[in-house]
Amino acid sequence: IISAWSKSWAAMGANQGSVCCCCPPRDEEQAVLVPPPKLQIGKRGGQVKVNSDTAGLLVSGHGVALANCVVEQDCAYWEVRVLEPGSSSRAFCGVALELNGQRLDSKIGDAQTSWAIGGDLPGGPLQKDEIIGVAFGQGNIPNLRFFRNGKEIPDTEVLRIRGEVFPAVSVCDGAELLLVFDAPSFAHEAPGRHSAIVPPRKML
C-alpha cells in the first residue's frame with residue numbers, strides 16, 4: 001500500500017510540473033538572450049546628420065549631437081576621429097549637459113553647459129585624421145581630460161563638472177566626426193582605470 005501511494009504521489013508531482021535545479025527559470029533564460037543597449041546619437045540639432053559606420057557613428061551637418069546616455073561610470077573613455085575638420089576648423093568634441101532647443105543648433109564648449117576642445121579653445125582646432133581621446137570620471141580630479149593621438153593635451157583638463165553629462169560633438173562647414181564607443185575599435189589604449197562606456201539601464 002505504501003509503495004502504491006508513493007508512486008501515485010510522485011506521478012502527481014510530475015503532472016503539476018517539478019522544477020529542475022539544473023535548468024534556469026524561463027525569465028532568466030530570456031534575460032540572457034536580450035542584447036545590451038548600444039550607444040547611439042540621442043538629441044541633435046535639426047541640421048545634424050548621423051550615419052552608422054562599422055567603427056562608430058558619423059556626425060556631419062550643422063549643430064550639436066549628444067549620445068543617448070549619460071556617463072554614469074567612474075572612469076569612462078571614448079574616441080572621436082576627425083575625418084574632416086571643416087573649412088572653418090570649428091568642429092568640437094567633449095561632454096555636455098542635456099541640451100535643448102537652440103542650444104542644439106549651436107556649438108559646444110561654453111564651459112557652463114558643455115566642455116570641449118576644438119576651434120579657438122585651449123588645445124587648438126581639430127586636425128584632419130587625428131584621433132581625440134576623451135576621458136571622463138566624476139570621481140577623478142580633473143573630471144575631464146583630452147588626448148590627441150594617444151598623448152594628453154596640456155591645459156585642456158576640466159577640474160570639476162557638476163551634473164549629468166553626455167558625450168557630445170558639434171560640427172559645421174563640412175566637418176565630419178566619427179564617435180567611437182566600442183573598445184575593440186579604439187585606436188589607443190584607454191588611460192589608467194578608464195574603459196569604454198557601459199550604457200546604463202536608463203537610456204535617453
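User: Which residue forms a salt bridge with Glu84, and how far apart are the closest N and O atoms?
Analyst: In this predicted model, Glu84 is bridged by Lys128, and the closest N and O atoms of the pair are 2.8 Å apart.

User: What parts of the chain does that pair link?
Analyst: The bridge links distant parts of the chain, since Lys128 sits in the loop between β6 and β7 while Glu84 belongs to strand β4, with their positions 44 residues apart in sequence.

User: Are Lys128 and Glu84 buried or exposed?
Analyst: Neither word fits, because Lys128 has a relative accessible area of 44% and is partly exposed, and Glu84, at 31%, also counts as partly exposed.

User: How many salt bridges are there by this rule?
Analyst: The count comes to six salt bridges. Among them is the one between Asp110 and Arg103, whose closest N and O atoms are 3.7 Å apart, and another joins Glu152 to Arg145, with a closest N and O separation of 3.4 Å.

User: What about accessibility for Asp110 and Arg103?
Analyst: Asp110 counts as partly exposed at 35% relative accessibility, and Arg103 is partly exposed as well, with a relative accessible area of 44%.

User: And for Glu152 and Arg145?
Analyst: Glu152 is partly exposed at 39%, and Arg145 is partly exposed with a relative accessible area of 21%; the cut-off for buried is under 20%, so a value of 21% does not qualify.

User: Switching to rings, how many aromatic pairs does the rule give?
Analyst: It gives one aromatic pair. The rings are those of Tyr77 and Phe186, with their centres 5.1 Å apart and their planes at 90°, so the pair is edge-to-face.

User: Where do Tyr77 and Phe186 lie?
Analyst: Tyr77 is in strand β4, which covers residues 76-84, whereas Phe186 is in the loop between β11 (176-180) and β12 (195-196), so the pair ties together parts that are 109 residues apart in sequence. As for accessibility, Tyr77 is buried with a relative accessible area of 3%, and Phe186 counts as buried at 14%.

User: What does Val134 touch?
Analyst: Leaving out residues up to four places away in sequence, Val134 touches Ala76, Tyr77, Trp78, Leu144, Arg145 and Phe146, so the list includes Tyr77 of the aromatic pair and Arg145, the salt-bridge partner of Glu152. Val134 itself lies in strand β7 and counts as buried, with 0% relative accessibility. The C-alpha atoms of Val134 and Pro167 are separated by 8.8 Å, although the two residues are 33 residues apart along the chain.

User: Where is Gly118 found, and is Gly118 buried or exposed?
Analyst: Gly118 is found in the loop between β6 (114-117) and β7 (131-136), and Gly118 is buried, its relative accessible area being 0%.

User: Which residues is Gly118 in contact with?
Analyst: Apart from its neighbours within four places in sequence, Gly118 contacts Ala91, Phe92, Gly124, Pro125 and Leu126. Cys93, which is 25 residues away in sequence, has its C-alpha 6.9 Å from that of Gly118.

User: Last one: what pLDDT does the protein chain average, and where is the pLDDT below 50?
Analyst: The protein chain averages a pLDDT of 86, and 80% of the residues score at least 70. Over residues 12-19, however, the pLDDT is below 50, and this stretch has one contact in the model beyond near neighbours in sequence. Where pLDDT is low, the predicted coordinates should not be read in detail.

Key: Residues are numbered from 1 along each chain as its sequence is written. This is a predicted model: local features need pLDDT of at least 70, side-chain atom pairs count only at pLDDT 80 or more; totals for chains, interfaces and linings use all residues. Side-chain values use heavy atoms; hydrogens and water are left out. Helices (H or I, at least four residues) and strands (E, at least two) are DSSP runs, numbered from the N terminus. Buried means under 20% relative accessible area, exposed over 50%, partly exposed in between (1.4 Å probe, protein chains only). Contact means heavy atoms within 4.5 Å. pLDDT is the predictor's confidence in each residue, from 0 to 100. Rings of Phe, Tyr and Trp (its six-membered ring) pair if their centres lie within 6.5 Å; planes under 30 degrees apart count as stacked, over 60 as edge-to-face and the rest as tilted. A salt bridge is a side-chain nitrogen of Lys or Arg within 4 Å of a carboxyl oxygen of Asp or Glu.
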